[in-house]
Every structure is written in structure tokens, then in C-alpha cells.
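Take a walk through this fold, from the overall layout to single residues. Keep the sequence and the model side by side.

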Amino acid sequence: MNYLLGVDAGTEIINKAKNKNNFPNVEYMVFDALRGDWRTISKRFHKAIIYSVIHFFDSIEDVEKLLTELLKVMERECIILIGDVRDKDLYTKFMENQRTKKITLRDIKFQISKILNSFYLNHGKIKKVSSIPCSIFSYNEIKNIADKLGLECLRHCQSKKHPFYNTTVDYILTRKE
Ligand SMILES: C[S@@+](CC[C@H](N)C(=O)[O-])C[C@H]1O[C@@H](n2cnc3c(N)ncnc32)[C@H](O)[C@@H]1O
């Protein structure tokens with residue numbers, strides 16, 4: 001690996017990364033991928049990883065905007081991984097199963113631990129937990145953007161070892177020949 005640029009809109013996470021991995025060929029930048037000026041990025045890249053990020057976006061148009069800008073800093077031969085995407089089809093199936101499945105002792109234990117956790121969060125040291133936004137995208141929505149931008153789009157299911165394998169997927173995008 002010659003050069004790596006790590007970007008995030010949050011200053012705290014960028015500082016954490018800087019402290020953890022201070023390699024000479026790695027740079028970090030506080031940068032909002034949707035509102036930032038991409039022309040300030042002068043380097044060109046062969047690989048990009050957007051991991052566990054796009055569920056923070058408000059809409060599929062934001063995903064299109066990100067990929068349009070990102071492609072301007074990518075080499076012609078490149079590969080883009082969009083990881084940990086909450087998937088509309090898998091999520092709908094998962095919720096359907098939750099509604100129809102028989103309740104087990106494990107489920108009851110899980111619900112009790114959730115109640116205890118929420119009690120602890122509300123009455124213990126942690127006073128406030130901000131809610132995590134979570135947009136859900138379908139394969140067709142991602143594929144449509146890929147088509148518009150001249151990209152091949154592969155959707156990968158995650159390994160069962162992954163905690164959210166039954167609701168999230170990864171995408172690999174490459175330029176069409
Ligand atoms: C769940 S964290 C994932 C962090 C890291 N990618 C990882 O895999 O460990 C989501 C991150 O997306 C960042 N994020 C959300 N919207 C962004 C945007 N428009 N531009 C840059 N970063 C963004 C947030 O600041 C947050 O740090």
C-alpha cells in the first residue's frame with residue numbers, strides 16, 4: 001500500500017484514528033463527504049472503503065452524490081466497497097420472521113436484558129443516548145445508481161459470524177469495461 005487517506009465528518013473519530021495508527025503513508029482528514037469540497041483532494045485512489053456509513057445518509061440521492069464525487073478522485077481501474085448496508089429486502093424478511101416466529105426462552109431473556117439495559121441507561125451514569133439514524137436501501141436502488149455511473153454492482157451477503165448478517169449486505173463496485 002502506497003498511500004491511505006482516512007476521512008470522516010467527525011473530529012473525534014479522526015483524532016482517535018490518528019492516535020491509533022500514526023503511519024507515514026497514512027493521512028487523516030475531517031471531511032464531510034456530502035457537503036465538503038472534493039476538489040481539495042488532489043490524490044487519486046485505486047480502492048475506496050465506505051464502511052458502515054451510508055445508513056447515516058437521509059436518502060438514496062445522498063448515496064448517488066457521494067459516489068459521483070468519489071469517482072472523480074478514483075483511478076479508471078478501481079474498486080469501491082460499500083460495507084454494512086442495511087438491506088431493504090433482508091430487513092423486511094427479518095421483521096416478518098420476528099412477527100411470526102414462536103417465542104423462545106432465549107427471546108424472553110433478550111427482552112429482559114434490553115429492559116434492564118434501558119433502565120440502567122436512564123437511571124445509571126449514562127443520562128442520554130442519542131438515537132442512531134438508520135436509512136435502509138434496496139439492491140435496486142444501489143444498482144440504479146451504479147448503472148447511471150457506469151459501475152458494475154455486486155451485492156454480497158455477510159458471513160454468519162457478523163452480528164447483523166441477517167439484515168445487512170456489502171456492495172462491491174467496479175467500473176464497467
Ligand atoms: C458507524 S461509524 C463507522 C466508522 C468507520 N467507517 C468504521 O467502519 O469503523 C459511521 C461514521 O460515518 C461518519 N459519517 C456519516 N456521514 C458522513 C458524511 N457525510 N461524511 C463523512 N463521514 C460521515 C460518521 O461521522 C461516523 O463516524
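What follows moves from the chain to the sheet, the core, the ligand shell and two backbone angles.

This is a predicted model. The protein chain holds five helices and six strands. Along the sequence they follow the pattern β-α-β-β-α-β-α-α-α-β-β. Of its 177 residues, 11% count as buried. Among contacts with a separation of 6 or more, 67% join residues 24 or more positions apart.

Turn to the sheet. Four strands make an open sheet with mixed pairing, in the order 3-4-6-5. Strand 3 (45–51) and strand 5 (151–157) are at the edges; each has a single partner strand, so one side of each lacks a neighbour in the sheet. From one strand to the next, the twist averages 15°.

Cross the sheet pair by pair. Strands in a sheet are paired by backbone hydrogen bonds, in a parallel or antiparallel sense. Strand 3 and strand 4 are parallel, with six bridges. Here Lys47 sits opposite Ile79 of strand 4. Strand 4 and strand 6 are antiparallel, also over six bridges. In that pair, Val85 faces Val169 of strand 6. Strand 5 and strand 6 run antiparallel too, joined by seven bridges. Leu154 stands opposite Ile172 of strand 6.

Next comes the core. In soluble globular proteins, nonpolar side chains tend to be buried together. The largest nonpolar core here has 17 residues. Ile82, Val85, Tyr171 and Leu173 have the most contacts inside this core. Helix 2 (60–72), strand 4, helix 5 and strand 6 each give two or more residues to it.

Two residues show how distant parts of the chain meet. Ile80 belongs to strand 4 (residues 74–86). Why does Ile80 count as buried? The cut-off is 20 or more other C-beta atoms within 10 Å. Ile80 has 21 such neighbours, so it counts as buried. Leaving out residues up to four places away in sequence, Ile80 touches Ala48, Leu70 and Leu173. Its C-alpha atom is 5.8 Å from that of Ile172, although 92 residues separate the two along the chain. Leu173 returns the contact with Ile80. Beyond its neighbours within four places in sequence, Leu173 also contacts Ile82, Ala146, Leu151, Glu152 and Cys153.

Now find the ligand. Which residues are around the ligand? They are Asp8, Ala9, Gly10, Ile13, Asp32, Ala33, Leu34, Tyr51, Ser52, Val53 and Phe56. This shell divides into seven nonpolar, two polar and two charged residues.

Ser52, one of the residues around the ligand, leads to the last topic, the backbone. Most residues other than glycine have a negative phi. Ser52 has a positive phi, near 60°. Ser52 lies in the loop between strand 3 and helix 2. Is Ser52 buried or partly exposed? With 14 other C-beta atoms within 10 Å, Ser52 is partly exposed.

Asp84 also has a positive phi near 60°. Its place is in strand 4. Asp84 has 17 other C-beta atoms within 10 Å, so it is partly exposed.

Technical notes: Residues are numbered from 1 along each chain as its sequence is written. This is a predicted model: local features need pLDDT of at least 70, side-chain atom pairs count only at pLDDT 80 or more; totals for chains, interfaces and linings use all residues. A residue is near a molecule or strand if its C-beta atom, placed from the backbone, lies within 6 Å of it. Ala, Val, Leu, Ile, Met, Phe, Trp, Tyr, Cys and Pro count as nonpolar, Asp, Glu, Lys and Arg as charged, and the others, Gly among them, as polar. A residue is buried if 20 or more other C-beta atoms lie within 10 Å of its own, exposed if 12 or fewer, and partly exposed in between; C-beta atoms are placed from the backbone. Two residues are in contact if their C-beta atoms, placed from the backbone, lie within 7 Å. Two strands pair if DSSP finds at least two bridges between them. Axes are lines fitted to C-alpha atoms, for helices over the stretch in contact, and angles run from 0 to 180 degrees between N-to-C directions. A nonpolar core is a set of buried Ala, Val, Leu, Ile, Met, Phe, Trp, Tyr and Cys residues joined through C-beta atoms within 7 Å.
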